[in-house]
Amino acid sequence: MSQLLVNETSRVPLSDLWEKDEFAKAVHLAIEGVSSELRAISLKLHEDPELSYEEHRAHALLTDYLEKKGFEVERKAYGLDTAFVARAGNSDKVTIGICSEYDALPSTDSPTGAFQACGHNLIAISGVATAIGLKTVIEQFGLEGQVKLFGTPAEETSGGKIVMLDRGAFKGVDVCMMLHGANADVVYPAFLALDTVEVEFFGKASHASASPWEGINALDAAVQSYTNIAMMRQQMHPSQRVHGIIKDGGKAANIIPDYTKSVYTVRAPKFVEVEVLKKRVEKIFKGAATSTGCTVKLTWGVPYKDIITNDPLARKFEHYMNNQGVKYGSKPEQMSKLSGSTDMGNLTYALPGIHPMFNILNLIGEDDKTMGLHTNGFAHAAAQPIAHVATLRASKSLALTGLECIVDSVFLKAVKQDFETQV
């Protein structure tokens, strides 16, 4: 496929190279042709945010639209009321998976109790745009392949992708990719692996003044844990994180607490590091229980694994973004820009994938460290016209990256070999 060259400040490519590459032209025209429709969907998702596993209106909006566009749609997929799979193509010889997210974050400032501070309204339409671009090329040129768009709920909490993966949703998918808006352009995001634990201490209640010696103080165990984790940080690698809160510290000041509940999250660059760090914090919790006379119950959640970025896919995506005016730093520079965690990491342990981040604040590659994700400012930015332009630009590159896997068997083989090597 030929290189593409796009004026970086325009939504319409100015180079005649678009005219010389039939596949690229078809992707471009297909995505630009639905731009206004996708903009309307994005704004509706932004104005009507829904929390994890409550995305019923988003589910209906997206699936109805995809069905109208000729996709074969499975609603409430894999036992999840707000998940879906939309399929198009004439062969399962090569299957390209794309993910959309649409859950919002809780907000005390918003009248709805939620806001799109992670820009999932843009992630939702990026998946739709990419799928439409691929569908168009597959059908227009009679290519042997298919695209599956996975509507994945609850990324912000318990990881809908992980549930869908465990239930076989991605069986037979050759590669799976998605996009995420950010304050910088990054192809190699350094997402951390994580696991979250609920820590419950059980003691014995007594009157705090009349007979405190008869009590077993569950709050002492919780405070010991919090303090000892703080002390442990001195011996932790700077790239690792343990953070938590005491959710229930007792009922009254004059009663020795017989029960406390805390929640901690353990993060590290690699999932194997999380497993080691989990054992260290478990010793702290158990030690606190022993020293106070309490019993402890540990309930670990669903782990999010780190992203294994497939190098051939990443380089191909970067190539197409470069030729649309986007410039990237070195791989180490990119990995130093953004952090966080995502359930997409678990997919990249199961099949080849990438999770590029694209700048929604401008089209000239200027990072803005003051505009972090999960903030009111980022939520506002996710509704701006420039964010929409940036989303479609990245979606075209992702569609062309997926298309390479369909038309170039040698490239697809390299993608799979890189996956096997890294995993």
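Okay, let's start right where the two domains meet: there's one residue pair in polar contact between domain 1 and domain 2, with both residues at pLDDT 80 or more. And salt bridges between those two domains? The count there is zero. Keep in mind that this is a predicted model.

So what does domain 1 put up against domain 2? The residues on the touching side of domain 1 split into two nonpolar, two polar and no charged. In terms of contacts, four residues of domain 1 meet five residues of domain 2.

Now, how much area gets buried there? People often give the size of an interface as the accessible area lost when the parts come together. Here, the area buried between domain 1 and domain 2 is about 310 Å², and carbon and sulfur atoms give 37% of that. On the domain 1 side, Phe191, Ser341 and Tyr349 are the ones to click on: they supply 85% of the area that domain 1 buries against domain 2, more than any other three residues.

Let me back up to the layout. The domain assignment has domain 1 in two pieces, 14-191 and 307-421, with domain 2 covering 193-300. Their C-alpha centres are 38 Å apart.

What does UniProt list for residues 196-287? An unreviewed entry there gives "domain: Peptidase M20 dimerisation". In the model, that stretch is 35% helix and 27% strand, with its end C-alpha atoms 19 Å from each other.

Last bit: salt bridges again. None run between the two domains, but the overall count is 20. One of them pairs the side chains of Glu32 and Lys396, at 2.8 Å from N to O. That pair ties together distant parts of the chain: Glu32 sits in helix H2 (residues 22-33) and Lys396 in helix H13 (residues 385-407), 364 residues apart.

Note on methods
Residues numbered from 1 in each chain as written. Predicted model: local features only at pLDDT ≥ 70, side-chain atom pairs only at ≥ 80, totals over all residues. Heavy atoms only, no water. Domains from an automatic or database assignment. Contact = heavy atoms within 4.5 Å. Buried area = accessible area lost by both parts, 1.4 Å probe. Salt bridge = Lys/Arg side-chain N within 4 Å of Asp/Glu carboxyl O. Polar contact = N/O pair within 3.5 Å; in protein donor to acceptor, adjacent residues only side chain to side chain. Nonpolar A, V, L, I, M, F, W, Y, C, P; charged D, E, K, R; others polar. UniProt positions renumbered as here; feature names shortened; annotations may be inferred. Helix = DSSP H or I, 4+ residues; strand = E, 2+ residues; numbered from the N terminus.
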